[in-house]
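Please look over the sequence and the model below before reading on, and keep both in view as you go through the paragraphs.

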Amino acid sequence: MTTNSPVFCAIDRADLSGALLLARSLHTSPIGGLKVGLEFMTANGPSGVRSIVDLGLPVFLDLKFHDIPNTVAGAVRAAADLGVTMLTLHLQGGPAMLWAAADAVKDLGPRRPLLLGVSVLTSMDDKDLTTIGVESTTEAQVLRLAGLARKTGMDGMICSPREIAPIREAFGQSLKLVVPGIRPAGSAAGDQKRTMTPGEAVKAGADYLVIGRPITGAGSPRAAAHAIHEEIDAARLAAA
Ligand code: C5P
């Protein structure tokens, strides 16, 4: 990767050969890295993740750990051994779990992956929060969890594009903001509910964008990645 692209392309598929083919075809397109998650890991295990890491792009392991502190600390150590650049854990796991995770990687030096706290999934809205007993808006809940991420040594957090501005207002640049729910104009939202275009999210202040189906489901993923890159460049230019 030679670009300064903020885009991590989500390779959400189970077949290793298809995932590698897709990842290789994106290798020379303007993306900043690849993201693999639950579907890929469940089907292909750690050796599958290593084969994506071996391609040479930064890899974001998105397994959204959420368990007791001891278990999450062990999982974070095991994930770091795979050579990934960033990984996720649920902020709703609470302070003891988050502190244990931060402690587990603190001595890894340059091999230490960034720890990113997942706030409220971008597929959820205010109504969904009510159904699980959270009586606040998604924005208020994400801000509360951002405060927790700050206190517990997280490097950053996952939020929807709509919460970038309020988080920046409350916490400045102290957290890296990694943003899924990105939909170029005209592309299908699918199960995502809190979305913005790549250009809007960059203008709003996202550090990294996570984009899956708008790239991987396109007739030409490389062409889709290029079009997104151009939109991001234009947004950066307009903001400069
Ligand atoms: O295909 P799409 O662009 O919707 O992919 C978004 C990716 O970001 C998926 O891999 C999904 O697991 C991940 N993600 C998300 N919302 C979060 C955290 C991660 O959509 N809050």
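The paragraphs that follow go from the whole chain to its strands and helices, and then to a few single residues.

The model is a predicted one, and it is best to begin with the chain as a whole. Its secondary structure comes to 10 helices and eight strands, and the C-alpha atoms fill a box of roughly 45 × 40 × 35 Å along the principal axes. For a chain of 240 residues, a compact globule would have a radius of gyration near 18 Å, and because the chain has 17 Å, the value agrees with that expectation. Buried residues make up 51% of the 240 residues. Of the contacts with a separation of 6 or more, 69% are between residues 24 or more positions apart. The accessible surface comes to about 10,600 Å², and 54% of this surface belongs to carbon and sulfur atoms.

How are the eight strands arranged? They close into a barrel in the order β1-β2-β3-β4-β5-β6-β7-β8, with parallel pairing, and the twist from one strand to the next averages 25°. As general background, the strands of a sheet pair through backbone hydrogen bonds, either parallel or antiparallel.

We can follow the barrel from its beginning. Strand β1, residues 7-10, is joined to β2 by three bridges, and the two run parallel; within this pair, Cys 9 stands opposite Leu 34 of β2. Together with helix α1, residues 16-26, these two strands make a right-handed β-α-β unit. The pairing of β2 with β3 is also in the parallel sense and extends over four bridges, and here Leu 34 stands opposite Val 59 in β3. Helix α2, residues 38-53, belongs with β2 and β3 to a right-handed β-α-β unit.

Strand β2 itself deserves a closer look. Five of the five residues in β2, residues 33-37, are buried, so the strand is largely enclosed by the rest of the structure. In a regular strand the side chains alternate between the two faces of the sheet. In β2, Gly 33, Lys 35 and Gly 37 lie on one side while Leu 34 and Val 36 lie on the other, and with all of these residues buried, both faces of the strand are covered.

The next strand holds a residue with an unusual label for its backbone: Lys 64, found in strand β3, has a positive phi of about 45° although it is not a glycine. Is Lys 64 buried, partly exposed or exposed? Its relative accessible area is 26%, which means that Lys 64 counts as partly exposed, given that buried means under 20% and exposed over 50%.

Further along the barrel, strand β5, residues 114-118, pairs with β6 in the parallel sense over three bridges, and the bridge partner of Gly 117 in β6 is Met 157. Helix α4, residues 95-105, packs on the sheet, where it touches β3, β4 and β5, and its direction makes about 160° with that of β4. The buried residues of α4 are Met 97, Leu 98, Ala 100, Ala 101, Ala 102, Ala 104 and Val 105. What covers these buried residues includes the strands β3, β4 and β5 as well as the helices α3 and α6.

In the last part of the barrel, three bridges join β6, residues 156-158, to β7, residues 176-179, and these strands run parallel; Ile 158 has Val 178 of β7 as its bridge partner. Between them the chain crosses from β6 through helix α7, residues 164-171, to β7, and this β-α-β crossover is right-handed. Strand β7 also pairs in the parallel sense with β8, residues 208-211, over two bridges, and the bridge partner of Val 179 in β8 is Leu 209. With helix α8, residues 198-204, the strands β7 and β8 make a right-handed β-α-β unit.

One residue of that helix can close the tour. Val 202 is found in helix α8, and because its relative accessible area is 15%, Val 202 is buried. Leaving aside residues up to four places away in sequence, Val 202 touches Leu 209, Ile 232 and Arg 236. The C-alpha atoms of Val 202 and Asp 233 are separated by 9.3 Å, although the two residues are 31 residues apart along the chain.

Definitions and conventions
Residues are numbered from 1 along each chain as its sequence is written. This is a predicted model: local features need pLDDT of at least 70, side-chain atom pairs count only at pLDDT 80 or more; totals for chains, interfaces and linings use all residues. Side-chain values use heavy atoms; hydrogens and water are left out. Two strands pair if DSSP finds at least two bridges between them. A crossover is right-handed if, with the strands pointing away from the viewer, the path from the first strand over the helix to the second runs clockwise. The radius of gyration is taken over C-alpha atoms; the globule rule is 2.2 Å times the number of residues to the power 0.38. Buried means under 20% relative accessible area, exposed over 50%, partly exposed in between (1.4 Å probe, protein chains only). Contact means heavy atoms within 4.5 Å. Accessible areas come from the Shrake-Rupley method with a 1.4 Å probe; for residues, only the protein chains shown count as cover. Axes are lines fitted to C-alpha atoms, for helices over the stretch in contact, and angles run from 0 to 180 degrees between N-to-C directions.
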